[in-house]
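Here are a few exercises to work through with the model open beside you. Try each task before reading its solution.

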Amino acid sequence: MINVTNLTKTFGKLEVLRDISTTVSRGEVVAIIGPSGSGKSTFLRCLNMLETPTEGRITIDGTDITDPKTDITRFRQRIGMVFQHFHLFPHMTVIDNIAFAPMKVKGLSADEARTKGLQLLERVGLKDKAGVYPSKLSGGQKQRVAIARSLAMDPDIMLFDEPTSALDPEMVKEVLAVIRDLASSGMTMLIVTHEMKFAREAANTIFFLDGGKLIERAEPEQFFSRPQSERAARFLEQVL
Ligand SMILES: Nc1ncnc2c1ncn2[C@@H]1O[C@H](COP(=O)(O)OP(=O)(O)OP(=O)(O)O)[C@@H](O)[C@H]1O
C-alpha cells in the first residue's frame, strides 16, 4: 500500500533521512522507534508530505505523492494524523471539533456529521463530553478527541507522532488503549513512539531508525528479543 523508495531528507546541510526504502501493507501497524533526533518524526511527516522529501519517491496505492502533479490536499484526506499536542479548535465544542471537517470537506450535513461524531466519541469513551469545550478536558481526553476527529474523515492510513509524549503518566494508558483498539480493527497505522511495551504488544512491525537510516525492520518479538544490529541492541539496553 505504501512504498518508500530511496527517501532522503536534508535540512540545509543536515541529512536527516538517508536513503530509506521500505513498504507498509494494508492493515499493518508499524511502530517507529529510535534515539532522539534519529529522524522518526521527519519520516512520518514525509508520508503525508508535511515535509517534502529531498530525494526519493513515496507511492500510496500506486499514486506517487511526491509527484508535484499529485493533488496532495485531496490525498491528505485519506491520511489522518495525530500529533503530540492535540491541536483542537479551542473555540469549538468537542462535537463541533469532530464534525467540522466532515461537513466542510466531505459535504456531510450537520446532522450526519454530528451523528458520526457521537459514534466516534463513543468509540473513544467520551460520548458524555460532546458539548464540552477542550479547555475543560484532561490531556488524555483531548488526545482521544483528536483521534476521533481524525477518524471522522474515514482515513485509510493513520499517522501518530508521539501521541502520548505530552501526557501525564496516568493518562498515557487511556490513549494507548484507544490506539490499540484501532490497531486491532485493521487500520493501517504508523506510530512514532517511545513506549516500548506498547510497540512490542500493539505493532506488527518495528522500524528502528538511527542517524536517519532505517537500520532494522522486524517483527516485535524478534526485534526486542534478538535485534540484528549492534545499534539496536545498544538502544534497547538503554531503554528497556
Ligand atoms: N524543520 C526543520 N528544520 C531543521 N532541522 C530540523 C527540522 N525538523 C527536524 N529537524 C532536525 O532533524 C533531526 C531529526 O528530527 P526528528 O524530529 O525527525 O527526529 P526524531 O527521531 O523524531 O526525534 P525525537 O524523538 O527527539 O522527537 C533533528 O536533528 C532535528 O533537529
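**Exercise 1: the sheet**

An open sheet of 6 strands, with mixed pairing, runs in the order S6-S7-S8-S3-S9-S10. Work out which strands stand at the edges.

Solution. S6 and S10 (213–218) each have a single partner strand, so one side of each is left without a neighbour in the sheet. From one strand to the next the twist averages 15 degrees. Some ground rules: this is a predicted model, where local features need pLDDT of at least 70 and side-chain atom pairs count only at pLDDT 80 or more, while totals for chains, interfaces and linings use all residues. Numbering starts from 1 along each chain as its sequence is written. Strands (E, at least two residues) and helices (H or I, at least four) are DSSP runs, numbered from the N terminus, and two strands pair if DSSP finds at least two bridges between them.

**Exercise 2: the two edges**

Find how S6 and S10 are joined to their neighbours.

Solution. Start with S6 (residues 79–82): 4 bridges join S6 to S7 (residues 157–161), and the two run parallel. Here Ile79 sits opposite Ile157 of S7. Ile79 and Met81 point one way from S6, Gly80 and Val82 the other, and all are buried (20 or more other C-beta atoms within 10 Å of the residue's own, C-beta atoms being placed from the backbone; 12 or fewer is exposed, in between is partly exposed). That fits the usual pattern, as side chains in a regular strand alternate between the two faces of the sheet.

Now the other edge: S9 (residues 205–210) and S10 pair antiparallel over 5 bridges. Phe207 has Arg217 in S10 as its bridge partner.

**Exercise 3: odd phi angles**

Locate Asn6 and Asp61, and say whether each is buried or exposed.

Solution. Asn6 is in strand S1 (residues 2–11) and has a positive phi of about 50 degrees, although it is not a glycine. Asn6 is exposed, with 12 other C-beta atoms within 10 Å. Asp61, also not a glycine, has a positive phi of about 45 degrees. Asp61 lies in the loop between S4 (55–60) and S5 (63–64), and is exposed, with 12 other C-beta atoms within 10 Å.

**Exercise 4: the ligand shell**

Which element gives the largest share of the shell around the ligand?

Solution. The shell (C-beta atom, placed from the backbone, within 6 Å) includes Phe11, Gly37 and Lys40. Strand S2 (14–24) and helix H1 (40–46) each supply at least two residues, and H1 gives the largest share, 3 residues.

Terms used: Axes fitted to C-alpha atoms, helices over the stretch in contact; angles between N-to-C directions.
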